[in-house]
Amino acid sequence: MTAHLDRHTPSHASARPPLMAETAPACEGAPDPEIWFPERGSDVAIEQEAHAKAACFRCDYRSPCLEFALATDQRYGIWGGTNHNQRVRILTRRRYDEAANAGSPR
Ligand code: SF4
C-alpha cells in the first residue's frame with residue numbers, strides 16, 4: 001500500500017489528507033493538474049472545472065477528499081467533485097439538518 005498525498009500543487013500537497021489505497025487518486029499524475037484549480041473568470045475556467053469534476057466522480061477518494069475539504073475550509077479548487085460554492089451549500093445544509101434534528105421531538 002502507498003500513502004497518497006495531494007497531487008495538484010506543492011502548496012496543496014501538504015493539505016491533502018493521507019489516504020491509503022491500492023490506487024492513486026484520479027488527479028495524481030494527471031497531465032493537466034491545473035484544471036483542479038481553474039482560474040476564476042478565465043475563458044477556460046468552466047471547461048476546466050467540468051473536466052476536474054468528471055475525474056473526481058470517477059475517483060475512489062471522492063468522499064474522503066470532500067470531507068477533508070469541508071473540514072479544513074478549502075476555499076480554492078475542486079475537491080471531491082465540488083467547487084467552493086457547492087461546499088458552502090453542503091455545510092449550510094448540514095448545519096440546517098443538525099439544527100432541525102436537534103429541535104425535533106424524540
Ligand atoms: S476526488 Fe478529485 S480532487 Fe479529490 S483526490 Fe479524487 S480526483 Fe483528486
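In the predicted model, Lys53 is located in helix 2, which covers residues 45-57. With 17 other C-beta atoms within 10 Å, Lys53 is classed as partly exposed, because the count required for burial is 20 or more and that for exposure is 12 or fewer. When residues up to four places away in sequence are set aside, Lys53 touches Ile78 and Gly81. A further spatial relation links Lys53 with Thr82, since the two are separated by 29 residues in sequence while their C-alpha atoms lie 6.8 Å apart in space.

Helix 2 also takes part in the surroundings of the ligand, in that helix 2 and helix 3 (62-71) each supply at least two residues of the shell. The ligand is surrounded by 14 residues, of which Pro25, Cys27, Cys56, Cys59 and Cys65 are the closest. Divided by class, this shell consists of 11 nonpolar, 2 polar and 1 charged residues.

In the UniProt record, an unreviewed entry, the feature "binding site" is placed at Cys27, Cys56, Cys59 and Cys65. These four positions span 39 residues in sequence, yet no two of their C-alpha atoms are more than 11.4 Å apart, and they therefore gather at one spot. The four annotated cysteines are also listed, together with Pro25, as the closest residues to the ligand.

Two of these cysteines can be described individually. Cys27 belongs to the loop that runs between strand 2 (19-21) and helix 2, and Cys27 counts as buried because 22 C-beta neighbours are found inside 10 Å, where 20 or more are needed for that class. Cys59, by comparison, occupies the loop between helix 2 and helix 3, and with 18 other C-beta atoms within 10 Å, Cys59 is partly exposed. Apart from its neighbours within four places in sequence, Cys59 is in contact with Pro25 and Ala26; Pro25 is itself among the residues closest to the ligand.

Helix 4 comprises 20 residues, numbered 84-103. At 1.5 Å a residue, the helix should span 28 Å, the expected value being 1.5 Å times one less than the number of residues, and the end C-alpha atoms are 29 Å apart, which agrees with that expectation. Of the 20 residues of helix 4, the number buried is 0, so this helix lies largely in the open.

Key
Residues are numbered from 1 along each chain as its sequence is written. This is a predicted model: local features need pLDDT of at least 70, side-chain atom pairs count only at pLDDT 80 or more; totals for chains, interfaces and linings use all residues. A residue is near a molecule or strand if its C-beta atom, placed from the backbone, lies within 6 Å of it. Helices (H or I, at least four residues) and strands (E, at least two) are DSSP runs, numbered from the N terminus. Ala, Val, Leu, Ile, Met, Phe, Trp, Tyr, Cys and Pro count as nonpolar, Asp, Glu, Lys and Arg as charged, and the others, Gly among them, as polar. UniProt positions are given in the numbering used here, feature names are shortened, and annotations may be inferred rather than shown by experiment. Two residues are in contact if their C-beta atoms, placed from the backbone, lie within 7 Å.
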